[in-house]
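Here's a quick tour of a protein model for you. Have a look at the picture first, then work through the notes below.

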Amino acid sequence: MNKHVVLYKKLSAPLMERLEAQAQVTLIDDPKGPDGIARLRDALPQADGLLGASLKLDAQLLDLAPKLKAVSSVSVGVDNYDIDYLTSRGILLTNTPDVLTETTADTGFALIMATARRVVELASMVRDGQWTQNLGAKHFGTDVHGKKLGIIGMGRIGEAVARRGHFGFGMPVIYHSHSRKPAVEARFNAQYRSLEALLQEADFVCLTLPLTAETEGLIGAEQFAQMRPETIFINIARGKVVDEQALIHALQNKQIRAAGLDVFEREPIAADSPLLKLDNVVATPHMGSATHETREAMASCAVDNLLSALAGERPANLVNEELWNR
Ligand code: DGY
């Protein structure tokens with residue numbers, strides 16, 4: 001057992017057992033806690049592999065790990081990593097796609113339903129003892145079924161959202177993506193649109209694209225101005241794809257109807273954010289993949305990826321593939 005793994009996320013007992021059967025493990029279960037980063041810094045010089053999530057691992061930190069062979073992220077998004085830096089050092093980066101696709105798409109639909117039908121606002125009214133008469137028009141929501149669903153980013157999660165919209169809710173689907181997806185167009189009768197056309201046409205604008213240098217700040221004041229007062233904006237991608245100030249302005253000025261947000265520029269969002277004061281915002285705590293089953297499947301996938309990488313085998317979910325083809 002000559003490999004050393006530094007875990008910066010707690011694993012279930014069976015997964016911990018699987019990992020410990022193959023490697024010596026140091027667990028830093030609260031890397032964002034008071035002494036978390038100091039403990040991580042102390043452990044990095046021994047690390048052959050790293051496994052965890054939701055922590056920015058920059059070059060300054062990883063320079064402390066001269067033996068590092070692989071970083072296994074328990075996430076599909078890899079915006080917490082400097083991929084060029086890892087690749088230049090020959091460090092494999094792996095992620096956990098597929099296993100979270102359906103659950104994250106469910107979250108997207110939860111936000112679509114909650115915003116359109118004002119579920120959170122009306123449920124709070126009942127809980128607060130304010131349901132004193134039959135609902136009148138000022139509490140009505142808007143339909144979801146049959147409305148036009150616009151998806152920006154047509155990867156696995158975008159496709160799963162499209163499937164739900166098309167088959168489950170009879171929604172015409174339009175999408176914008178860096179490339180056309182003929183299979184998605186055929187399966188869900190989805191139509192490709194320019195970004196501008198999608199923003200103008202869609203009743204629901206749903207972001208499912210990754211955060212990259214190209215997508216950062218993609219949706220700002222100009223884009224919100226292209227939406228309609230009926231538009232409902234959903235973000236299950238990453239907060240930084242959106243200019244949050246512009247979103248707040250659009251909501252406060254009724255440029256759009258509502259927003260369902262699972263991700264934010266800064267997470268956790270500040271308790272005094274203006275977003276949290278708006279009745280037409282449903283904000284959830286980056287819970288896209290947060291079910292027992294899916295989080296366990298993601299962690300299991302991450303353990304498999306790491307063990308393969310440390311055994312010198314090609315991991316199933318290699319992000320910097322060029323390292324394998326060198
Ligand atoms: C992912 O897997 O990227 C989810 O957003 C959780 O971070």
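Let's start with Thr-87, which you'll find in helix α4, residues 83-88. Keep in mind that this is a predicted model. After Thr-87 we'll move on to the sheets, and then finish on the surface.

**Thr-87 and its surroundings**

- Is Thr-87 buried or exposed? Its relative accessibility is 7%, so Thr-87 counts as buried, because the cut-off for buried is under 20%.
- Which residues does Thr-87 touch, if you skip those up to four places away in sequence? They are Asn-320, Glu-322, Leu-323 and Arg-326.

**The sheet of 5 strands**

- A bit of background: strands of a sheet pair through backbone hydrogen bonds, and they can do that either parallel or antiparallel.
- Here, 5 strands make an open sheet with parallel pairing, and reading across you get the order β2-β1-β3-β4-β5.
- At the edges sit β2 (24-27) and β5 (92-94), and each of them pairs on one side only.
- Going from one strand to the next, the twist averages 15°.
- Zoom in on β3 (residues 49-52) and β4 (residues 70-73): these strands run parallel and are joined by 4 bridges.
- If you want a pair of residues to look for, try Leu-50, which stands opposite Val-71 in β4.

**The sheet of 7 strands**

- There's also an open sheet made of 7 strands, again with parallel pairing, in the order β8-β7-β6-β9-β10-β11-β12.
- Why is one side of β8 (191-192) and of β12 (281-283) left without a neighbour in the sheet? Both stand at the edges and each has a single partner strand, so there is no neighbour on one side.
- For β12, look at β11 (residues 258-261): the two pair in the parallel sense over 3 bridges.
- Within that pairing, Leu-261 has Ala-283 in β12 as its bridge partner.
- Helix α5 (residues 101-116) packs on this sheet, where it touches β6, β9 (204-207), β10 (232-235), β11 and β12.
- The direction of α5 makes about 150° with that of β10.

**A nonpolar patch on the surface**

- Which residues make the nonpolar surface patch of about 430 Å²? Val-126, Trp-131, Leu-135 and Phe-140 do.
- To find Leu-135, go to the loop between α6 (119-127) and β6 (149-152).
- Leu-135 has a relative accessible area of 39%, so it counts as partly exposed, because that label covers values between the 20% and 50% cut-offs.

Terms used: Residues are numbered from 1 along each chain as its sequence is written. This is a predicted model: local features need pLDDT of at least 70, side-chain atom pairs count only at pLDDT 80 or more; totals for chains, interfaces and linings use all residues. Side-chain values use heavy atoms; hydrogens and water are left out. Patches are made of residues with over 30% relative accessible area and no salt bridge: like charges are joined within 9 Å, nonpolar side chains (Val, Leu, Ile, Met, Phe, Trp, Tyr) within 5 Å. Accessible areas come from the Shrake-Rupley method with a 1.4 Å probe; for residues, only the protein chains shown count as cover. A salt bridge is a side-chain nitrogen of Lys or Arg within 4 Å of a carboxyl oxygen of Asp or Glu. Buried means under 20% relative accessible area, exposed over 50%, partly exposed in between (1.4 Å probe, protein chains only). Two strands pair if DSSP finds at least two bridges between them. Contact means heavy atoms within 4.5 Å. Axes are lines fitted to C-alpha atoms, for helices over the stretch in contact, and angles run from 0 to 180 degrees between N-to-C directions.
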